[in-house]
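Subject: Structure for you to look at

Hello,

Here is the structure I promised to pass on. Please open it and keep it in view while you read my notes below.

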Amino acid sequence: MRSYMKKPVGMLKFKKAADVGLTYALLILVGIIFVFPCLWLVLASFSKTGSLYSFDGFFPPDYSLDSFKTLFTDTAMYNYPQWFLNTLLVASMSCIIGTLLVILTAYTISRFEFKARKPLMKITLVLGMFPSFMGMTAVYILMTQFNMINNHWGLILIYSAGAPMGYLVQKGFFDTIPNSIYEAARIDGATNARVFCKITLPLSKPIIVYTALTSFAWPWSDFILPKLLLKERDMYTTAVGLMSLPETEFARFAAGAIFIAVPIVVLYFCLIKYMINGMTAGAVKQ
Amino acid sequence: MKIKTIALATCLVMLFCLAALAVTACDFSDLRQFYSTETFTKFDGEIERNVTIRVLENDTAISVGYFDELLDAFNEAYAEYGITAVDANMDSYTDLALDGPFGYGPDVLYQANDVLMEFAADKHVLPLPAEEMECYQYIPEAAWDAYEANIEGGIYTCGVPVNIQAPMLYYRKDLLPEDWETTYDDNANGIPDMVESWNALYRYSQKIRSETPDKYGYMKSLSDSYFALGYLFSYGGYVFGDNNTNARDIGIAAGQAEIGARIIQQLASVMNMETVDDSITLNSYSRLGDGTYFATMTTPDVYTMFIREMEADYTRRGYSASEAAAMAEENLVMTDVPTLPVNGDLEDDDAEQMGMTVMGGVNGYAISSYTKAPKACLAFVEFATSYEMVMLRNEYLGIAPARSDVAAELGGLSERLFEKLDAGEIVVMPSISAVGQLWDPLATMFGDIAEDAFRDEPKYPTLEALKRELQDTADGIYSAIFTLQ
């Protein structure tokens with residue numbers, strides 16, 4: 001008969017405490033590493049002189065709210081409020097149209113069997129592997145021909161049209177909705193459109209919120225495409241506008257960068273519950 | 001299998017059709033226009049009527065209100081033709097090569113000569129009938145040369161000079177010794193010796209360092225080639241031969257350029273290790289502002305940066321905002337760079353002095369090759385480079401004008417810069433594409449030479465060693481330019 005030696009309770013407690021302590025220490029360290037640049041940017045936005053060069057070591061020597069004030073009042077050269085509105089327009093419209101297209105694409109691929117279904121899925125998967133900026137020159141030339149340079153709708157068109165390429169997460173969600181619900185609806189005489197609107201959509205709140213948020217966040221912070229397509233200063237989005245600020249306006253840049261992050265952070269915190277449900281729903285194996 | 005093949009073939013055909021449609025839909029005919037003697041006919045005949053031209057101006061000119069004045073004056077003068085000039089409302093570093101061909105670029109651009117001449121090399125800006133312009137006779141040849149391009153065998157002038165950019169010495173008047181008029185004004189001309197000659201500035205920097213180790217006299221990044229090249233130029237060095245147009249002749253080791261390199265070593269000895277990188281460039285505004293540095297050298301366009309930092313420092317010390325502003329204006333002095341010793345020895349207090357040759361630039365106007373109204377654009381350039389407008393530009397921006405009549409009227413520093421350009425003491429930055437291969441090797445070399453002041457065993461202890469290093473760098477730059485060709 002084998003005998004097992006019992007470990008003392010104190011030893012186990014110590015091991016557990018050490019394990020938890022180490023984990024927390026590591027998490028705090030990683031947290032600091034990630035938070036520090038943001039903290040620095042926040043402090044820089046309150047710099048009194050406004051110049052990056054005046055920092056005494058890593059932090060500004062004097063603080064004030066001037067940068068935030070000038071951000072919204074000194075608009076002759078750098079019209080931040082206008083840039084903000086432009087960004088809001090592009091992101092909102094891209095969000096609405098893009099979400100609609102993604103949900104429709106994912107639902108179609110998930111629910112309907114048709115011959116091109118598999119090839120379509122493969123093609124989108126392969127195309128998704130190429131970086132989006134690869135086609136920038138072609139996009140620019142095409143947009144000049146459609147007269148959509150310096151036009152926010154040109155951006156909205158590209159963001160919205162490109163959104164359905166990332167339908168896989170949404171498809172995963174729709175796959176988890178039991179088929180029996182659809183079959184019951186069909187037996188009751190519901191059409192495809194009615195099934196989608198009355199049954200699928202109410203069940204899909206989490207994934208719709210997740211899709212809307214990601215469709216909003218991309219144009220909200222994108223730089224490359226707006227930089228390519230928007231030429232006039234008053235048409236700039238915030239990302240392009242902030243990048244056009246001279247080096248002497250660093251505090252204004254920091255203040256603008258902080259301010260642009262506020263709406264998206266608030267949205268994330270308000271809708272985090274739906275987001276997590278949306279992201280994880282399709283991942284559960286049954 | 002058969003259905004699959006048909007489907008695949010259909011897809012390919014559709015893709016091909018789509019691509020063909022896209023390509024044929026694009027009208028590339030305007031992408032490139034070629035220079036020839038006929039290009040000048042664009043400026044012949046009656047001026048266009050009822051057109052709007054977009055002008056890209058310097059950001060500072062816009063922010064201080066000069067540009068609005070210029071536009072209003074021009075639009076009023078040309079109202080009878082229905083010509084309206086408007087702000088292009090674009091980033092000042094807009095890429096004419098990308099946007100111009102598709103009609104989105106500005107019609108008239110205001111830029112530094114090296115930027116404009118890059119566009120000229122690729123024919124994105126029009127050659128101008130410079131000699132027929134009113135300002136031609138007033139602008140020195142050196143400034144016009146900066147806008148000359150040799151394209152397919154023809155020499156074209158592709159821009160009109162407006163103002164001269166050159167390094168200036170900035171110093172704090174309140175940091176001068178109280179008795180400077182008796183102890184630091186040997187020639188009794190009312191100007192402190194330490195801002196008149198590099199020898200005196202070097203000695204004064206040594207004094208400051210020995211008395212207050214946390215303070216500095218003259219501080220400047222010596223690896224910044226734009227400023228450091230001046231020391232080589234002053235002793236016979238040059239960048240490219242044939243008036244900066246022949247990249248096969250790299251002359252940074254020419255003449256007695258090694259003497260200039262030794263001056264860099266000597267200056268480094270009164271600074272610290274930050275001089276071998278760009279740290280000083282980054283923090284010189286605040287360091288001069290809080291009195292850590294007595295003097296530095298940079299371009300006139302950053303004057304307000306120093307003022308802002310000085311105001312902040314005075315405010316920190318308890319002065320009101322208006323007092324701080326007045327004190328900053330009073331105590332910051334921007335002046336011409338000091339003179340250099342002919343023998344190149346900063347330690348020799350009795351050395352004969354000579355003017356320092358520096359690298360500079362000429363900012364000016366050019367006209368886009370893609371403009372639909374070249375004659376209206378030329379009228380705008382004529383108007384903006386007239387005596388009245390250049391004078392107004394100086395009032396608003398404090399620029400050093402390229403026009404001799406304006407410089408003479410203004411006198412002082414403006415006239416001095418004009419004279420220096422005319423006398424060849426300002427070497428205009430080369431406008432040829434090979435200039436891109438200069439900066440990194442030069443910065444490494446200047447940094448290495450400056451670092452010698454901090455080495456236990458100097459790497460370049462003699463003038464011969466310095467000469468060899470200059471020649472090696474010149475050879476390296478030559479290889480970088482021509483190896484891949």
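Start in chain B, in the loop that joins helix H5 (113–121) to helix H6 (141–145): this is where B:Lys123 sits. Keep in mind that everything here is a predicted model.

**Two residues with positive phi**

B:Lys123 is not a glycine, yet its phi is positive, at about 65 degrees. Is B:Lys123 buried or exposed? Count the other C-beta atoms within 10 Å: there are 20, and 20 or more makes a residue buried, so B:Lys123 is buried.

B:Asn243 is another non-glycine residue with a positive phi, here about 60 degrees. Look for B:Asn243 in helix H10 of chain B, which covers residues 241–244. B:Asn243 has 16 C-beta neighbours inside 10 Å. That count falls between the cut-offs of 12 and 20, so B:Asn243 is partly exposed.

**Chain B as a whole**

Now zoom out. Chain B has 485 residues, and 46% of them are buried. Its secondary structure consists of 20 helices and 16 strands. Along the principal axes, the C-alpha atoms of chain B fill a box of roughly 90 × 65 × 45 Å.

Next, look at contacts in chain B between residues with a separation of 6 or more. Of these, 72% join residues 24 or more positions apart.

**How confident is the predictor?**

For chain B, the mean pLDDT is 88. In that chain, 91% of residues reach 70 or more. Treat residues 26–34 of chain B with care: pLDDT stays under 50 there. The model has nine contacts beyond four places in sequence for that stretch. For the complex, the predictor gives an ipTM of 0.70 and a pTM of 0.77.

**Where the chains meet**

How many residues does each chain bring to the contact? Chain B gives 21 residues, and chain A gives 21 residues. On the chain B side, four helices each supply at least two residues: H1 (2–25), H2 (59–63), H12 (279–289) and H13 (303–316). H13(B) has the largest share, with five residues. Sorted by class, the chain B side has 11 nonpolar, six charged and four polar residues.

**Two helix pairs in chain A**

Move to chain A and find helix H3, residues 80–111. Two of its packing partners are worth a look.

The first partner is helix H10 of chain A, residues 205–221. The two axes lie 8 Å apart, and the angle is about 140 degrees. An angle over 145 degrees would count as roughly antiparallel, and this one falls short of that, so H3(A) is oblique to H10(A). Their crossing is right-handed. On the H3(A) side, the residues that meet H10(A) include A:Ala91, A:Ser94 and A:Gly98. Among those in H10(A) are A:Ala212, A:Phe216 and A:Trp220. The contact of H3(A) with H10(A) has 10 nonpolar residues, six polar ones and no charged ones.

The second partner is helix H7 of chain A, residues 168–176. H3(A) and H7(A) pack at an angle of about 50 degrees, with axes 8 Å apart. That angle makes this pair oblique too. H3(A) crosses H7(A) in a right-handed way. H3(A) brings, among others, A:Val102, A:Tyr107 and A:Arg111 to this contact. H7(A) supplies A:Gln170, A:Lys171, A:Phe174 and A:Asp175. By class, the contact of H3(A) with H7(A) has six nonpolar, two polar and three charged residues.

**Exposed places in chain A**

Which helix of chain A is hardly covered? Helix H8 of chain A, residues 179–187, has nine residues, and the count of buried ones is zero. After H8(A) comes A:Gly189, with a positive phi near 95 degrees.

Last, find A:Leu127 in helix H4 of chain A, residues 117–128. A:Leu127 has 10 C-beta neighbours inside 10 Å. The cut-off for exposed is 12 or fewer, so A:Leu127 counts as exposed. Then try a distance. A:Leu127 and A:Ala17 are 110 residues apart along the chain, and their C-alpha atoms are separated by 49 Å.

Best wishes

Methods. Residues are numbered from 1 along each chain as its sequence is written. Chains are lettered from A and ligands numbered from 1 in the order in which they are written. This is a predicted model: local features need pLDDT of at least 70, side-chain atom pairs count only at pLDDT 80 or more; totals for chains, interfaces and linings use all residues. pLDDT is the predictor's confidence in each residue, from 0 to 100. Two residues are in contact if their C-beta atoms, placed from the backbone, lie within 7 Å. Ala, Val, Leu, Ile, Met, Phe, Trp, Tyr, Cys and Pro count as nonpolar, Asp, Glu, Lys and Arg as charged, and the others, Gly among them, as polar. Axes are lines fitted to C-alpha atoms, for helices over the stretch in contact, and angles run from 0 to 180 degrees between N-to-C directions. Angles under 35 degrees count as roughly parallel, over 145 as roughly antiparallel, 65 to 115 as roughly perpendicular and the rest as oblique. A crossing is left-handed if the near helix is turned anticlockwise from the far one by less than a right angle, and right-handed if clockwise.
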